[in-house]
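Please open the model in a viewer and keep the selection tool at hand. The tour below proposes one selection after another and states what is found at each stop.

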Amino acid sequence: MGVEIEVSDLNAWYGTNHTLQNISLRIPANHATALIGPSGCGKSTFVRCLNRMHETNPIGRVTGTVRVGPTDIYAQASPVEIRRRIGMVFQRPNPFPTMSIYDNVASGLRLNGFRNRKVLDEVVERSLEQAALWDEVKNDLKKKSGASLSGGQQQRLCIARALAVDPEVMLMDEPASALDPVSTAKIEDLIFQLKSQYTIVIVTHNMQQAARVAENTGFFLNGKLVEFDATHKIFTNPTDKRTEDYITGRFG
Amino acid sequence: MASTTAMPPLRARASNRFLRVVVNHLATAAAVGSTILVMAPLIAIFAYLLFKGASSLNLAFFTQVPKPVGETGGGMANSILGSGILLAVASLMGVPIGIAGGIYIAEFGRNKRLANMVRFTADVLNGVPSIVMGIAIYTLIVVPQKHFSALAGGVALGIMMIPTITRTTEEMLLMVPLNVREAALGLGVPNWRSVLSITLRTASPGVITGCMLAFARVAGETAPLLFTAFGNQFWSTSLNEPIAALPLQIFVYALSPYDEWHRLAWAGALVLIVLIVVSVALVRYVAGRGVLKGVS
C-alpha cells in the first residue's frame with residue numbers, strides 16, 4: 001500500500017545553484033500527484049530529492065526533511081533502503097541493455113541477493129501484468145533483450161522493473177515525454193490503475209496529462225512551489241496569478 | 001513548394017549531380033582502398049608464414065621436444081606448453097589487477113589524486129620498452145631467487161598486460177550511459193553492486209576486447225622473457241624452473257646457422273599466430289554467449 005509523503009522546508013543545490021527553495025507540501029497516499037512547471041523550475045530535482053537520488057550527483061546538496069510514511073528519509077534511513085521503498089521511472093526508458101526482459105524485471109530483487117526462482121517467476125509475471133506488458137512479451141521473456149523492445153514497451157518494462165521490488169511510492173519523471181501518443185495513453189492508463197495501490201508522483205510538461213491522471217497538482221517556478229492544490233482547482237480557478245499565466249499559456 | 005523558383009537552372013543541377021556521383025564514388029573507393037591497406041599486412045604475413053612454415057608442421061612438431069644440433073626432427077611441444085603456462089600466469093595476474101584498476105579510476109576515484117596517478121602510471125608503463133620490463137623483473141625476482149623461472153616470466157608478461165586492460169576498462173566503463181547507472185541506483189542497489197553487475201556487465205564486450213588485445217600483445221613478446229623465463233630445451237611444467245616459450249624458441253632458432261632450425265622457427269611462428277587468433281576467437285565466442293544483443 002502507498003504511504004503519505006510529507007516534505008518540509010526542503011532546499012536543494014547543484015554546486016552554488018539554489019535549485020529548490022523552501023518547499024513544503026504533503027502528498028497524500030494512494031493518489032496521483034502531478035508536478036508541472038517550465039523547464040528548469042526544479043520539479044525533476046524535487047522528485048530526485050524524494051528518493052535521495054539528488055545526492056548521487058557529486059555537486060548535489062539537500063537540507064530539510066522528507067517523511068515517507070513514518071520514516072524521515074534523510075535522518076533515519078540509508079539511501080539504498082529508501083530507494084528500495086520508492087520506485088523511480090525516468091524520462092528516457094533505461095532498461096539494462098545486456099539483460100533479457102525477464103532479467104530486467106527480476107534485477108531489483110536479484111541484485112539485492114534474492115534467489116528463489118519460483119518466487120522470482122511469480123514476481124516477474126505479476127509485475128509485467130501490472131505494467132500491461134505481459135501479453136506482448138510473455139513468449140520472449142528470456143530470449144529477447146530489454147533493449148530490443150519499442151520505446152513505449154521499454155518504458156513499461158522499466159515500470160515493471162520498479163514495481164517488482166514492491167515499492168510504496170512511484171516517482172515518475174516525465175515518463176511519457178519520449179513516447180508517441182498511443183504509448184503515452186497506455187502509460188496514463190497504467191498510472192490510473194496503479195494509484196489505488198501506490199502513491200504516485202509524476203512530473204509532466206503536458207498539462208492535459210496532469211489533468212487526466214492526477215488528483216492534486218503542484219506548480220513549480222524558479223525553484224519555488226507557487227501553488228499546490230486539487231487538480232481541478234489549479235486548472236479552473238488558480239489562486240496565484242503566475243499559475244494562471246502558465247496554465248493559459250502566457251509564458252513557459 | 002515555395003522554393004521552386006530559388007532552385008538553380010536545370011543544366012547546373014545536372015552537372016551538380018554528376019559531381020556528386022563522382023565524389024561519392026571517390027569516397028567509396030578511398031574507404032575500400034583503406035580497408036584493403038589495413039588488412040593487407042595481416043594477410044601477407046599470414047600467407048608468408050603458411051608458405052614458409054606449413055611444410056615443416058607435422059605431428060612431431062606438436063609432440064616432441066627439440067633435438068640436439070645435427071639430428072633432424074624434433075618439435076616445439078615444450079614451447080607450446082610453456083607459452084600456455086606463461087600466459088596463464090600473466091592473465092591470472094594482469095586481468096584482475098587491470099580490470100580492478102580500471103574500475104577504480106572510472107567509478108570510485110573520479111577527480112581524486114590517486115586515480116590520476118594510477119592513470120598516469122598506466123600510460124607510462126604502457127610505454128616502457130619490453131626489454132626494460134625483462135631487466136626489471138630480473139632484478140626483482142630472478143636475482144633474489146638466484147635462478148630463472150616460469151613465474152618470473154609470467155609476472156613480467158602480466159605487468160605488461162595491466163596498463164592496456166586498465167585503460168580500456170576505464171574507457172569502456174565511462175561509455176556506459178548515466179541513465180543505466182541511475183536505473184540501478186533507483187532500484188535500491190548498493191553502488192558497488194551496481195558497478196559490478198550493471199556497469200561492468202554493460203561494458204563487458206569492450207573490456208573483454210581490451211583483455212584480448214593485451215593477451216595477444218604479450219603472447220608474442222620475446223624480450224621480457226630473455227632474462228626471466230630464459231627458455232628450456234626440455235619438458236618443464238614447474239613455475240620454479242626455467243621454461244620454454246614459443247617466441248623464445250623462434251628467436252633462438254631463427255638466429256641459428258642451421259637450415260633445419262630455420263624451418264622449425266617458421267613453423268613455430270605459424271603455430272604462435274594461429275594459437276593467438278584461435279584463443280582470441282574462443283574467448284570472444286564464450287563471453288559473447290552470456291550477453292544478449294539488443295537491437296537498438
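The tour starts in chain B: select B:Cys211, which is found in helix H8 of that chain. Please keep in mind throughout that this is a predicted model.

**B:Cys211 and its surroundings**

Is B:Cys211 buried or exposed? It counts as buried, because 23 C-beta neighbours lie inside 10 Å, and the cut-off for that class is 20 or more. Add B:Val95 and B:Ile165 to the selection: B:Cys211 touches both, residues up to four places away in sequence being left out of account. Next, select B:Asn24, which stands 187 residues from B:Cys211 along the chain. The C-alpha atoms of B:Asn24 and B:Cys211 are separated by 38 Å.

**A loop in chain B**

Move to B:Lys146, in the loop between helix H5 (130-145) and helix H6 (150-175) of chain B. B:Lys146 is exposed, because it has 6 other C-beta atoms within 10 Å. Its phi is positive, about 65 degrees, although the residue is not a glycine. Most residues other than glycine have a negative phi.

**Where the chains meet**

Now show both chains together. How many residues does each chain bring to the contact? Chain A contributes 24 residues and chain B contributes 21 residues. On the side of chain B that touches chain A, select helix H7 (178-186) and helix H8 (191-219), each of which supplies at least two residues. H7(B) gives the most to this side, with six residues. Coloured by class, the side of chain B that touches chain A shows 10 nonpolar, seven polar and four charged residues.

**The nonpolar cores**

Turn to the largest nonpolar core, which has 79 residues. Which residues have the most contacts inside it? They are A:Val201 and A:Ile202. The largest share of this core, seven residues, comes from helix H6 (residues 151-164) of chain A. Apart from the largest core lies another, of 64 residues, and B:Cys211 is among them, as are B:Val176, B:Ala203 and B:Ile208. In soluble globular proteins, nonpolar side chains tend to be buried together.

Centre the view on A:Val201. Not counting residues up to four places away in sequence, A:Val201 touches A:Ile27, A:Thr33, A:Leu35, A:Val47, A:Leu50, A:Val169, A:Leu171 and A:Met172.

**Helix H6 of chain A**

Select H6(A) as a whole. Of its 14 residues, 13 are buried, so the helix is largely enclosed by the rest of the structure. Its length can be checked in the viewer: at 1.5 Å a residue, the 14 residues of H6(A) should span 20 Å, and the end C-alpha atoms are 20 Å apart, which agrees. After H6(A) comes A:Asp166, whose phi is positive, near 55 degrees. H6(A) lies across S6 and S7 of chain A and runs at about 170 degrees to S6(A).

**The six-stranded sheet**

Display the strands in the order S6-S7-S8-S3-S9-S10 of chain A: they form an open sheet of six strands with mixed pairing. Strand S6 (86-89) and strand S10 (224-230) of chain A are the edge strands, each pairing on one side only. Direction ignored, neighbouring strands of this sheet are turned by 15 degrees against each other on average.

Within the sheet, select strand S7 (residues 169-173) and strand S8 (residues 199-203) of chain A, which pair in the parallel sense over five bridges. A:Met170 stands opposite A:Ile200 in S8(A). Helix H1 (residues 43-50) of chain A lies across S3, S6, S7, S8 and S9 of chain A, at about 150 degrees to S8(A).

**The four-stranded sheet**

The last stop is an open sheet of four strands, in the order S2-S1-S4-S5 of chain A, with antiparallel pairing. Strand S2 (17-27) and strand S5 (71-72) of chain A stand at the edges with a single partner strand each, so one side of each is left without a neighbour in the sheet. Strand S1 (residues 5-14) of chain A pairs with S2(A) in the antiparallel sense over seven bridges, and A:Val7 stands opposite A:Leu25 in S2(A). H1(A) packs on this sheet too, touching S1, S2 and S4 of chain A. The direction of H1(A) makes about 65 degrees with that of S2(A).

Finish with A:Asp9, in strand S1 of chain A. A:Asp9 counts as exposed, because 11 C-beta neighbours lie inside 10 Å. Phi of A:Asp9 is near 55 degrees, a positive value in a residue other than glycine.

How values were computed: Residues numbered from 1 in each chain as written. Chains lettered and ligands numbered in written order. Predicted model: local features only at pLDDT ≥ 70, side-chain atom pairs only at ≥ 80, totals over all residues. Core = buried A, V, L, I, M, F, W, Y, C linked by C-beta atoms within 7 Å. Buried ≥ 20, exposed ≤ 12 C-beta atoms within 10 Å, placed from the backbone. Contact = placed C-beta atoms within 7 Å. Nonpolar A, V, L, I, M, F, W, Y, C, P; charged D, E, K, R; others polar. Expected span 1.5 Å × (residues − 1). Pairing = 2+ DSSP bridges. Axes fitted to C-alpha atoms, helices over the stretch in contact; angles between N-to-C directions.
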